[in-house]
Amino acid sequence: MAGLSVADVFERTRRNHGLEHATVGVLIQRLGPTIRLVARSTPRGFYIYGQLPTEAVRAAVDEALARLRAGETELAVSPLCGTNIAVAGLLAGLSSVAVASAARRPLDRLVGAVVAGTFAVLLGQPLGRLAQAWLTTSADMRGLRVRRVERFDAGRIPVHWVETEFAGE
């Protein structure tokens, strides 16, 4: 990533994250909601960990890219994203500390922290999706091209590396 600004690296990661979400969504549509996989994005592409046929991953990447380009931007935001967990955890922690520090009695602190944390977790899903849409993902696939989809084994779990490049590279 030599020669790229921090902003460029961040934007490439956001775009790959959006393609990753769309790809996982297509895989779930095709293979069913019980498939087990984990994915992680980088500025150069993304990894998909799980027992998946390479042909299915490649076909899902191609379909996801085509659908994002055709305007299905909602595919870039996922209810399964770790951003949702991070937002819920942050809100729960901050609200619990704020409420607990305001109460005088230990039982009131505990009850207040539990109630505040519970509401924060409930807000975490919709606010996590907003965070994805504005911060951690992008549906903008202009200039993005998939260079290759490669499978390799990392211990017992197969890994697919989806390498991307952007126009001008």
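Is alanine 76 buried or exposed, judged by its relative accessibility? I shall open with that residue and then turn to the rest of the structure. Please bear in mind throughout that this is a predicted model.

Alanine 76 counts as buried, because its relative accessibility is 2% and the cut-off for burial is under 20%. The residue is found in a loop, namely the one between α2, residues 54–69, and α3, residues 82–102. Leaving aside residues up to four places away in sequence, alanine 76 touches Gly18, His21, Leu68, Gln132, Thr137, Ser138 and Ala139. There is also a long-range relation to glycine 25: the two residues stand 51 positions apart along the chain, while their C-alpha atoms are separated by 9.0 Å.

Let me now place this residue in the overall fold. The protein has 4 helices and 4 strands, and their order along the sequence is α-β-β-α-α-α-β-β. The C-alpha trace spans about 60 × 35 × 35 Å along its principal axes. Of the 169 residues, 39% count as buried. The accessible surface comes to about 9700 Å², and carbon and sulfur atoms contribute 63% of that area. As for contacts with a separation of 6 or more, 69% of them join residues 24 or more positions apart.

Two of the partners of alanine 76, His21 and Gln132, appear again in the packing of α1 against α4. Helix α1 covers residues 6–31 and helix α4 residues 106–136; their axes come within 10 Å and cross at roughly 135°. The two helices are therefore oblique to each other. On the α1 side the contact involves Phe10, Arg14, His17 and His21, which meet Gln132, Ala133, Trp134, Leu135 and Thr136 of α4. By character, the residues of this contact divide into 4 nonpolar, 4 polar and 1 charged.

Helix α4 also holds alanine 116. What does its relative accessibility of 14% say about this residue? Alanine 116 counts as buried at that value. Its contacts, again not counting residues up to four places away in sequence, are with Ser95, Ser96 and Val99. Between alanine 116 and valine 97 the C-alpha distance is 9.0 Å, with 19 residues separating them in sequence.

I turn finally to the aromatic residues. How many aromatic pairs does the structure hold? There are 2 aromatic pairs. In one of them, tyrosine 47 and tryptophan 161 have ring centres 4.6 Å apart and planes at 40°, so the pair is tilted. Tyrosine 47 belongs to strand β2, residues 45–49, and tryptophan 161 to strand β4, residues 157–166; the pair therefore ties together parts that are 114 residues apart in sequence. Tryptophan 161 is buried, with a relative accessible area of 10%. Together with Tyr49, the residues Tyr47 and Trp161 form one aromatic cluster.

To close, I return to the opening question: alanine 76 is a buried residue in the loop between α2 and α3, and its contacts include His21 and Gln132.

Definitions and conventions
Residues numbered from 1 in each chain as written. Predicted model: local features only at pLDDT ≥ 70, side-chain atom pairs only at ≥ 80, totals over all residues. Heavy atoms only, no water. Phe/Tyr/Trp six-rings, centres within 6.5 Å; stacked < 30°, edge-to-face > 60°. Buried < 20%, exposed > 50% of the residue type's maximum accessible area, 1.4 Å probe, protein only. Axes fitted to C-alpha atoms, helices over the stretch in contact; angles between N-to-C directions. Parallel < 35°, antiparallel > 145°, perpendicular 65-115°, else oblique. Contact = heavy atoms within 4.5 Å. Nonpolar A, V, L, I, M, F, W, Y, C, P; charged D, E, K, R; others polar. Areas by Shrake-Rupley, 256 points an atom, 1.4 Å probe, with all protein chains shown as cover.
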